[in-house]
Amino acid sequence: MPAKLRITPLAGEPFELTIGNTATIGRTADNTVCLSGSPLVSRQHALIRCHDGYQYQIIDLGSRNGTLVNGQRVVMPMTLAPGARIEVAKNQIVFDLIEDDISSAHLEVTLAGSMAGVASVIRPVALLVCDIRGFSTMAEKISSSHLAQQLGIWFREAGNLVTRSGGTVDKFIGDAVLAYWSECNGQNVNCAATLQIARDMLALAAKTTWANGDPFQVGIALHYGSVTCGNVGIDAQRDATIIGDPVNTVFRLEGVMKELNQQVLLSADFQEHLPASEKLTDLGERKLKGKQQLVRIFGLG
C-alpha cells in the first residue's frame, strides 16, 4: 500500500507527499523529499523503501548529521510504524500508511510467500546477497554515530554499483543487501555482469576500514533462478519486489560462506550461465538449510 509523508521543513511551508516503493530524502532537487533550505541535510541523506507491499523501512545513507526516528538514531534499516516521526537535521517528517485496495491481511509475506491479489510475472533473474562480516562485533567497538554513518555509506555505494549496472536493490535486511538483475531490452540475464558487480563490491570493501581501523569485510552469494516479480499499489512509483525459492536459496548459500571460508559463493545454476573461460573452484555439493536437494557450490578461482 502507498504511504504519506507530512513534512514540516525548517525553511518554507509544510507540505504532504504520497510515496510508493521508494522515496529519497536530501538537499538536492532530484530527491523525492527535497529539503533545499537546510544546509545540514546531505545531498543523499536517507532512503525510504517498501518491502513486501506494505512494510516501509528507512535507511540513513551515511549522512554526517544522522537521521532520527522517534528520537532514536537510525543505524540499521528501521521499520516505520504509522505515525512515526522522522527528524532530518531538525526538519520534521511524519510517516503514515494509506489503505488501498490491497489489504495486508490477504498477503502471505515471507521470503517464499505468495502474491495474492498482486499483478505478477515469473521471471529469470540473477540474485546477489552481500552481507557485512563481523557487524555485531563491530557494533560493540565503535560509537553508534560512526556505525550509522559507515553502514549508510556502504548501503549507498553498494546500491549505486547495483543500479548503475542495470540491477535493482530489492531489500536491505539488517546489514545485508539483496539485489537482482533481470532481462533487459530482450537480452538474457547477464550473470557475468552480476559476477563483476560482486568483484566490484569486494574491491569497494577492500578500500574501506571501520572507524577504529579494523578491515571492512563482506561475503557475497550469487544464484540464478525464476522468481515471481510483482508491483504493489501505485505501479508508476513502485519497483518490483521478488519472492520465490531462489530468494531463499541465495540467503541459505550466504549462510554457509563462513564454514567454507569463502568471500564469494556461486550456485551451479549461476555458474552454468557464465562463460566457460571463467575460472572457478568446485566446492562440491552441500545440504542447505530448508532444502531437500543438494546444491553444488563454486568459489572464485
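## Close-up views of the predicted model

**View 1. N70 is found in the loop between β7 (67-69) and β8 (72-73).** Strands, like helices, are DSSP runs numbered from the N terminus (E and at least two residues for a strand, H or I and at least four residues for a helix). This is a predicted model, in which local features need a pLDDT of at least 70 and side-chain atom pairs count only at pLDDT 80 or more, while totals for chains, interfaces and linings use all residues. Residues are numbered from 1 along each chain as its sequence is written, and side-chain values use heavy atoms, with hydrogens and water left out. Although N70 is not a glycine, its phi is positive, at about 50 degrees. With a relative accessible area of 54%, N70 is exposed, a term that stands for over 50%, whereas buried means under 20% and partly exposed lies in between (1.4 Å probe, protein chains only). A second loop, between β10 (85-88) and β11 (91-97), holds K90, a residue other than glycine whose phi is also positive, near 70 degrees. K90 counts as exposed, at 59% relative accessibility.

**View 2. An open sheet of six strands follows the order β2-β1-β11-β10-β7-β8, with antiparallel pairing.** Two strands are taken to pair if DSSP finds at least two bridges between them. The edges of this sheet are β2 (15-19) and β8, and each has a single partner strand, so one side of each is left without a neighbour in the sheet. Strand β1 (residues 3-8) runs antiparallel to β2 and is joined to it by five bridges, and within this pairing I7 has F15 in β2 as its bridge partner.

**View 3. β13 and β14 form a hairpin with two residues between the strands.** The two strands pair in the antiparallel sense over five bridges, and V169 stands opposite A179 in β14. In the same hairpin, G174 takes a positive phi near 60 degrees. In a regular strand the side chains alternate between the two faces of the sheet. Both faces of β14 are covered, with A176, L178 and Y180 buried on one side and V177, A179 and W181 buried on the other. Six of the six residues of β14 (residues 176-181) are buried, so this strand is largely enclosed by the rest of the structure. D170, placed in strand β13 (residues 168-173), is buried with a relative accessible area of 2%. The side chain of D170 makes a polar contact with the side chain of K171, at 2.7 Å. A polar contact is a pair of N or O atoms within 3.5 Å, and within protein one must be able to donate a hydrogen and the other to accept it, while residues adjacent in sequence count only if both atoms are side-chain atoms.

**View 4. F135, W154, W210 and F216 form one aromatic cluster.** The structure holds five aromatic pairs. Rings of Phe, Tyr and Trp (its six-membered ring) pair if their centres lie within 6.5 Å, and planes under 30 degrees apart count as stacked, over 60 as edge-to-face and the rest as tilted. The rings of F135 and W210 have centres 6.4 Å apart and planes at 55 degrees, so this pair is tilted. The pair links distant parts of the chain, 75 residues apart, with F135 in helix α1 (residues 135-139) and W210 in the loop between α3 (191-206) and β15 (218-230). Both rings belong to buried residues, F135 with a relative accessible area of 9% and W210 with one of 3%.

**View 5. W154 is among the residues with the most contacts inside the largest nonpolar core.** This core has 45 residues, and M201, V218, I220, L222 and F270 share that description with W154. A nonpolar core is a set of buried Ala, Val, Leu, Ile, Met, Phe, Trp, Tyr and Cys residues joined through side-chain atoms within 4.5 Å. Leaving aside neighbours within four places in sequence, W154 is in contact (heavy atoms within 4.5 Å) with C130, I132, G159, M201, L204, A205, F216 and V218. A second, separate core of 24 residues includes L5, V74, A89 and F95.

**View 6. N190 caps the N-terminal end of helix α3.** A side-chain oxygen of N190 lies 3.2 Å from the backbone nitrogen of A192. Within α3, the buried residues include C191, T194, L195, I197, A198, M201, L202, L204 and A205.
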